[in-house]
Amino acid sequence: MIKSMTGFASLTREDERATLAVTVRSVNHRFLDVQLRMPQLLAELEPRVRALLQKRLGRGRVELQISVQLRQQSTPTVELNEEFVNALSAAIDRARERGLVSGTLTPGDLLRLPQAITVRERQADTDPVLEAQLGTGVEAAVEMAVADLEAMRVREGDHLRADLDARLAMLAALIERLRVAADEGRGDLEARLHDRIRDLSMELPVDQAMVAQEVVRTAARSDITEEVTRFRAHIAHWTTLADGEEPCGRKLDFLLQEMNREINTIGSKADGVRISELIIGAKAELERMREQVQNVE
């Protein structure tokens, strides 16, 4: 199945416990690279969320962000670093004695020094039942967000499939034109060789049977039947992969490499006035397809 690796989904769910916001986006990547951003409150859920993403997605760099706003108000904790403040006060007293500063240490001075006072958010009460319900809600929200992401990746994949199918049809037509041009070129080569041998035989004795065998061998070197057959097999395999249910991006990329190898072999073996032009056209289409396949899961 041709499915894009690019997608985005976002949703928000609210209930009496909290407001959940889930955002997930994915871009191209050789493998599955999952990046999670979750509040510390949901740290225990990380393995389950990661496993869910790995189950639903095959490739791509996936970034998932979860934010939680609890209805229950939190109370901050304020911590005073007494050792730091005492040392600071003593240093200011010594500076005052030397006439370097004046005045006293004020609360505003302490607030400007992060080493002196630390303010942290603390949940007033820890309710195991609330945490379990919140975890269930988060997992359900992630499921919905990933489903929306998958739907977008499928829609993008449909557009990729249409473009790739059109280019694959052009490649199939080009390979048939190459086959015809190569057959014509091989016939022209045999005719040129026979003409040349006939001219030489007027001046030198020639074993016609042996010469005929050598002409056939020489012309056979430009035969591309095997390459054309393998190329057709690659096209058929491509269609099978694209119609299947499994992610096929890597396999399609490998098939394009094999197709390019066959085209290079055809270009080196075939003889004919139109061969070069057709080879250039085929390689150009393969390169365009390779760029598109980089976005297929």
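**Arg13, Thr19 and the nonpolar cores**

Me: Which residues does Arg13 touch, not counting those up to four places away in sequence?
Reply: This is a predicted model in which local features need pLDDT of at least 70 and side-chain atom pairs count only at pLDDT 80 or more, while totals for chains, interfaces and linings use all residues. Residues are numbered from 1 along each chain as its sequence is written, and side-chain values use heavy atoms, leaving out hydrogens and water. Contact means heavy atoms within 4.5 Å. On that basis, the residues that Arg13 touches are Ala18, Thr19, Leu20, Gly137, Ala140, Ala141 and Met144.

Me: Is Arg13 buried, exposed or partly exposed?
Reply: Buried means under 20% relative accessible area, exposed over 50%, and partly exposed in between (1.4 Å probe, protein chains only). Because its relative accessibility is 33%, Arg13 counts as partly exposed.

Me: Is Thr19 buried or exposed?
Reply: Thr19 lies in strand β2, residues 18-27 (strands, E, at least two residues, and helices, H or I, at least four, are DSSP runs numbered from the N terminus). Its relative accessible area is 17%, so Thr19 is buried.

Me: Which helix supplies the largest share of the largest nonpolar core?
Reply: A nonpolar core is a set of buried Ala, Val, Leu, Ile, Met, Phe, Trp, Tyr and Cys residues joined through side-chain atoms within 4.5 Å. The largest one has 33 residues, and Ile2 is one of those touching the most other members. Helices α4 (128-201), α6 (225-243), α7 (249-269) and α8 (275-293) each supply at least two residues. The largest share, nine residues, comes from α4.
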